[in-house]
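Subject: Structure handover and notes

Dear colleague,

I am passing on the structure we spoke about, and my notes on it follow directly below. Please read them with the coordinates open beside you.

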Amino acid sequence: MYSKGINNAFTGIEMFKFAILMEEESYNSYIHAANYTTGKTKEFCTFAARQELIHKKNFERLSIELKTNLKIQTDYIFDKEISTYLKDLIKNRVFNKKEQTNDEFKDLKEALAHSIKYEKIAINVYTQMYERVFQNRSEERRVGKECSQG
């Protein structure tokens, strides 16, 4: 389960990168489950995987828009080591894959419960990161005003 707060400051572009990787991880989880289920459960997992791809594409689009609008350098965020670190963080700290069992997709009821649980985690993570980005921007503006007032 997601532990309370990631105490690092995030930029908007980092937030989107993290979100993209989270959606990718969810997609992979649903595809994996779809390969080992049948019937309505398989249909649900396949549908949920497609939804995660839509979310990922939306975050990619927003990330490109932000990068373009702010005209900032973001190559570092796509570095292989950073991506590996973030993926590991997502698997082991956000979704806590170490505690997962094979029963999470044993039937449609369990698949839905699993899906709801992880969507709540994603919402919590995105909300906290957004708040961090907003808080950091507010602090930057406050410091900027203080510096300009001398």
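With which residue does Glu24 form a salt bridge, and how far apart are the closest N and O atoms? The partner is Lys56, and the closest N and O atoms of the two side chains are 3.0 Å apart. This pair links distant parts of the chain, since Glu24 sits in helix α1 and Lys56 in helix α2, with their positions 32 residues apart in sequence. Before going further, please keep in mind that this is a predicted model, and that the values below should be read accordingly.

Overall architecture

The protein chain contains 4 helices and 0 strands, and from the N terminus on its elements run α-α-α-α. Of its 150 residues, 37% count as buried, while the chain exposes about 9,800 Å², of which carbon and sulfur atoms supply 54%. If one takes the contacts with a separation of 6 or more, residues 24 or more positions apart account for 78% of them.

Helix α1 covers residues 12-35, and its 24 residues should span 34 Å at 1.5 Å a residue; the C-alpha atoms at its ends are 35 Å apart, which agrees with that expectation. The helix is mostly covered, with 18 of its 24 residues buried.

Salt bridges

The structure holds 3 salt bridges. Besides its bridge to Glu24, Lys56 also meets the side chain of Glu60, at 3.9 Å from N to O, and Glu24, Lys56 and Glu60 are thereby linked in a network of salt bridges. Glu60 and Lys56 are 4 residues apart in helix α2, and are therefore separated by about one helical turn. Within this network, Lys56 counts as buried because its relative accessibility is 17%, under the 20% cut-off, whereas Glu24, at 22%, counts as partly exposed, as does Glu60, with a relative accessible area of 30%. As Lys56 and Glu24 fall on either side of that cut-off, at 17% and 22%, I would read the two labels together with their values.

A further salt bridge joins Arg61 and Glu65, whose closest N and O atoms are 3.1 Å apart. These two residues are also 4 residues apart in helix α2, which means that about one helical turn separates them. Arg61 is partly exposed, with a relative accessible area of 41%, and Glu65 is partly exposed as well, at 36%.

Aromatic pairs

The count of aromatic pairs comes to 4. In one of them, the rings of Phe16 and Phe59 have their centres 6.1 Å apart and their planes at 45°, so the pair is tilted. Phe16 lies in helix α1 and Phe59 in helix α2 (residues 39-70), so this pair ties together parts that are 43 residues apart in sequence. Both Phe16 and Phe59 are buried.

Tyr30 and Phe44 form another aromatic pair, this one edge-to-face, with 6.3 Å from centre to centre and 90° between the planes. Here Tyr30 belongs to helix α1 and Phe44 to helix α2, so the pair ties together parts that are 14 residues apart in sequence; Tyr30 and Phe44 are both buried. Ring pairs also link Phe16, Phe59 and Tyr126 into a cluster.

Helix α4

What does Ser115 touch, once residues up to four places away in sequence are not counted? Ser115, which is placed in helix α4, touches Tyr30 and Phe44, the two members of the edge-to-face pair described above. Ser115 is itself buried, with a relative accessible area of 11%.

Glu119 is also found in helix α4, and at 27% relative accessibility it counts as partly exposed. Leaving aside its neighbours within four places in sequence, Glu119 is in contact with Glu52 and His55. Glu119 and Glu23 are 96 residues apart in sequence, yet their C-alpha atoms are 10.0 Å apart in space.

Finally, Leu108, Leu112 and Ile116 form a nonpolar patch on the surface, with about 230 Å² of accessible area together; of these, Ile116 has its place in helix α4, which comprises residues 108-149.

With best regards

Terms used: Residues are numbered from 1 along each chain as its sequence is written. This is a predicted model: local features need pLDDT of at least 70, side-chain atom pairs count only at pLDDT 80 or more; totals for chains, interfaces and linings use all residues. Side-chain values use heavy atoms; hydrogens and water are left out. The expected span of a helix is 1.5 Å times one less than its number of residues. Buried means under 20% relative accessible area, exposed over 50%, partly exposed in between (1.4 Å probe, protein chains only). Patches are made of residues with over 30% relative accessible area and no salt bridge: like charges are joined within 9 Å, nonpolar side chains (Val, Leu, Ile, Met, Phe, Trp, Tyr) within 5 Å. Accessible areas come from the Shrake-Rupley method with a 1.4 Å probe; for residues, only the protein chains shown count as cover. A salt bridge is a side-chain nitrogen of Lys or Arg within 4 Å of a carboxyl oxygen of Asp or Glu. Contact means heavy atoms within 4.5 Å. Rings of Phe, Tyr and Trp (its six-membered ring) pair if their centres lie within 6.5 Å; planes under 30 degrees apart count as stacked, over 60 as edge-to-face and the rest as tilted.
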